[in-house]
Amino acid sequence: MFGISTLGWVHTLSSLPAIPLAAYMFARHGRILPRSVPGMAYLVFMLLGAGSVFLIARQPVSNIIAALTLVLLVAGYGVGHIGMPGRAAVYLETILLSVTAFLLMLPTLSEVLRRVPDGHPLVTDLHSPLLIGTQLGLLLALVIGVTAQVLYLRRRA
């Protein structure tokens with residue numbers, strides 16, 4: 001189904017729960033909270049998803065996105081444990097973990113558009129205006145979202 005291998009389904013199903021977890025934390029708290037139950041679940045599912053990319057990726061860019069996601073996850077979850085002046089750790093943690101959500105959604109949306117509906121996908125070319133527009137919209141959402149998060153954190157300080 002959808003031209004996905006068994007290992008591809010394992011990857012998809014292991015990373016899929018990270019999407020509603022991130023959406024929940026963004027809606028409820030305005031950011032991903034790493035030291036919360038949903039935040040820990042997000043970490044586990046992101047590690048499973050990003051780690052399994054190396055087993056299924058066909059394009060080098062997929063490995064780059066996965067490696068960057070893993071680095072940002074470790075940095076985002078680790079920054080709260082190092083001594084940083086003032087609230088810098090909260091700002092950095094928020095930005096890093098928001099970028100991980102972006103890096104999760106970028107290939108997710110691309111894969112959905114290139115596979116659905118089954119047999120007649122919406123996008124057949126990586127240079128499709130729909131795919132590029134979706135990716136640019138996602139980038140715009142990241143920029144606006146991170147800006148709003150930083151402004152919100154500044155007001156709370």
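## Helix α1 and its two sides

A residue is called exposed when its relative accessible area is over 50% and buried when that area is under 20%, with partly exposed in between. In this predicted model, Thr6 and Leu13 of helix α1 are exposed, whereas the buried residues of the helix are Gly8, His11, Ser14 and Ser15. These four buried residues cover an arc of only 135° around the axis, and they therefore lie on the same side of α1, with Thr6 and Leu13 on the other side. An α-helix has 3.6 residues a turn, so residues three or four places apart point the same way. The cover over the buried residues of α1 includes α2, α3 and α5.

Ser14, which belongs to helix α1, has a relative accessible area of 14% and is buried because this value falls under 20%. A polar atom of the Ser14 side chain lies 3.0 Å from the backbone oxygen of His11. When neighbours within four places in sequence are left aside, the residues in contact with Ser14 are Phe45, Leu48, Gly49 and Ser52.

## The largest pocket

The largest pocket holds about 1,200 Å³ of space. Its lining is made up of 39 residues, and those closest to the centre of the pocket are His11, Ile56, Pro107, Thr108 and Glu111. His11 thus appears in two settings, as one of the buried residues of α1 and as one of the residues closest to the centre of the largest pocket.

Which helices supply at least two residues each to the lining of the largest pocket? They are α1 (6-15), α3 (37-56), α4 (60-78), α5 (88-115) and α6 (129-156), and the largest share, 10 residues, comes from α5. By class, the lining of the largest pocket divides into 22 nonpolar, 13 polar and 4 charged residues.

## The second largest pocket and Ser98

About 230 Å³ of space lies in the second largest pocket, which is lined by 15 residues, and those nearest its centre are Phe26, Ser98, Ala101, Phe102 and Met105. Helices α2 (18-29), α5 and α6 each contribute at least two residues to the lining of this pocket, and here the largest share, 6 residues, is supplied by α6. The lining of the second largest pocket comprises 12 nonpolar and 3 polar residues, and no charged residues.

Ser98, one of the residues nearest the centre of the second largest pocket, is found in helix α5. With a relative accessible area of 5%, Ser98 is buried, and its side chain is joined to that of Gln149 by a polar contact of 2.8 Å. Not counting residues up to four places away in sequence, Ser98 touches Phe26, Leu142, Val146 and Gln149; of these, Phe26 is also listed among the residues nearest the centre of the second largest pocket.

Gln149 also serves as a reference point for His29, which lies in helix α2. Although His29 and Gln149 are 120 residues apart along the chain, their C-alpha atoms are separated by 9.9 Å. His29 is partly exposed, with a relative accessible area of 31%.

## Partly exposed residues of α5

Leu109 and Arg114 both count as partly exposed, Leu109 at 27% relative accessibility and Arg114 at 29%. Leu109 lies in helix α5, and, with neighbours within four places in sequence left aside, Leu109 is in contact with Thr134 and Leu138. The C-alpha atom of Leu109 is separated by 19 Å from that of Leu47, which is 62 residues away along the chain.

Arg114 likewise has its place in helix α5. Beyond its neighbours within four places in sequence, Arg114 is in contact with Gln59, Pro121, Val123, Leu126 and Leu131. The C-alpha atoms of Arg114 and Asp125, residues that are 11 places apart along the chain, are separated by 8.1 Å.

## The cis peptide bond after Val116

Is the peptide bond from Val116 to Pro117 cis or trans? The bond is cis, with omega near -5°, and Pro117 lies in the loop between α5 and α6. Most peptide bonds are trans.

How values were computed:
Residues numbered from 1 in each chain as written. Predicted model: local features only at pLDDT ≥ 70, side-chain atom pairs only at ≥ 80, totals over all residues. Heavy atoms only, no water. 1 Å grid on protein atoms, 1.4 Å probe; cavity = no way out; pocket = protein on both sides within 12 Å on 5 of 7 lines; lining within 4 Å. Points joined across faces, edges and corners; volume = space filled by probe spheres on them. Nonpolar A, V, L, I, M, F, W, Y, C, P; charged D, E, K, R; others polar. Buried < 20%, exposed > 50% of the residue type's maximum accessible area, 1.4 Å probe, protein only. Polar contact = N/O pair within 3.5 Å; in protein donor to acceptor, adjacent residues only side chain to side chain. Contact = heavy atoms within 4.5 Å. Arc of directions from axis to C-beta.
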